[in-house]
Amino acid sequence: MKEILYILLDKYAAHEMEFLSQAINNGEMGPRECPKYINKVVAYSMEPVTSIGVLATLQIL
């Protein structure tokens with residue numbers, strides 16, 4: 001299984017990450033039974049990263 005890493009930068013667009021991760025995991029008829037990819041989110045620091053819509057995201061280890 002392959003991993004896809006989404007890198008969060010300051011002022012990221014939260015809706016883009018959601019759209020991409022759902023499109024990658026779902027087939028034409030809904031969620032796949034055996035997904036080919038694992039979606040992971042990473043940030044450049046342990047500090048909260050804020051989206052353009054003021055959504056603060058924390059990194060958890």
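Begin with the whole protein chain in a cartoon view and follow it from the N terminus, where the elements run in the order β-α-β-β-β-β-β. That gives 1 helix and 6 strands in the secondary structure of the protein chain. What is on the screen is a predicted model, so colouring by pLDDT is a sensible next view. The protein chain averages a pLDDT of 82, and 92% of the residues score at least 70. Among the elements, select strand 3 (residues 30-31) to see the lowest mean pLDDT, 70, and then strand 5 (residues 49-50) to see the highest, 88.

Before going to single residues, take in the overall extent. Along the principal axes, the C-alpha atoms of the protein chain fill a box of roughly 35 × 25 × 15 Å. With a surface switched on, about 5100 Å² of the protein chain is exposed, and carbon and sulfur atoms supply 61% of that area. Of the 61 residues in the protein chain, 13% are buried. Counting contacts with a separation of 6 or more, 61% are between residues 24 or more positions apart.

Now select E3 and K40 and show their side chains. These residues form a salt bridge, in which the closest N and O atoms are 3.0 Å apart, and a search of the whole structure finds 1 salt bridge. The pair links distant parts of the chain, since E3 belongs to strand 1 (residues 2-8) and K40 to strand 4 (residues 37-43), 37 residues apart. In general, side chains of opposite charge can pair when their charged atoms come close. How exposed is each partner? E3 counts as partly exposed because its relative accessibility is 48%, and K40 counts as partly exposed because its value is 36%.

Stay in strand 4 and select I38, which is found there. At 32% relative accessibility, I38 also counts as partly exposed. Leaving aside neighbours within four places in sequence, I38 is in contact with M1, K2, E3 and I4, so one of these contacts leads back to the salt-bridge residue E3. For a distance across the model, draw a line from I38 to K11: their C-alpha atoms are separated by 24 Å, with the two residues 27 apart along the chain.

From K11, move to T50, which lies in strand 5. Not counting residues up to four places away in sequence, T50 touches L9, D10, K11, Y12, L55 and A56. For one of these contacts, Y12, the C-alpha atoms are separated by 7.1 Å from those of T50, although the two residues are 38 apart along the chain. T50 has a relative accessibility of 26%, which means that T50 counts as partly exposed.

Step on to S51, whose place is in the loop between strand 5 and strand 6 (56-57). Is S51 buried or exposed? S51 has 3% relative accessibility and therefore counts as buried. With residues up to four places away in sequence left out, S51 touches K11, Y12 and A14; K11 and Y12 are also among the residues that T50 touches.

Finish at L9, another of the residues touched by T50, whose place is in the loop between strand 1 and helix 1 (14-25). Add I7 and Y44 to the selection and return to the surface view, where I7, L9 and Y44 make a nonpolar surface patch of about 350 Å².

Conventions:
Residues are numbered from 1 along each chain as its sequence is written. This is a predicted model: local features need pLDDT of at least 70, side-chain atom pairs count only at pLDDT 80 or more; totals for chains, interfaces and linings use all residues. Side-chain values use heavy atoms; hydrogens and water are left out. pLDDT is the predictor's confidence in each residue, from 0 to 100. Helices (H or I, at least four residues) and strands (E, at least two) are DSSP runs, numbered from the N terminus. A salt bridge is a side-chain nitrogen of Lys or Arg within 4 Å of a carboxyl oxygen of Asp or Glu. Buried means under 20% relative accessible area, exposed over 50%, partly exposed in between (1.4 Å probe, protein chains only). Contact means heavy atoms within 4.5 Å. Patches are made of residues with over 30% relative accessible area and no salt bridge: like charges are joined within 9 Å, nonpolar side chains (Val, Leu, Ile, Met, Phe, Trp, Tyr) within 5 Å. Accessible areas come from the Shrake-Rupley method with a 1.4 Å probe; for residues, only the protein chains shown count as cover.
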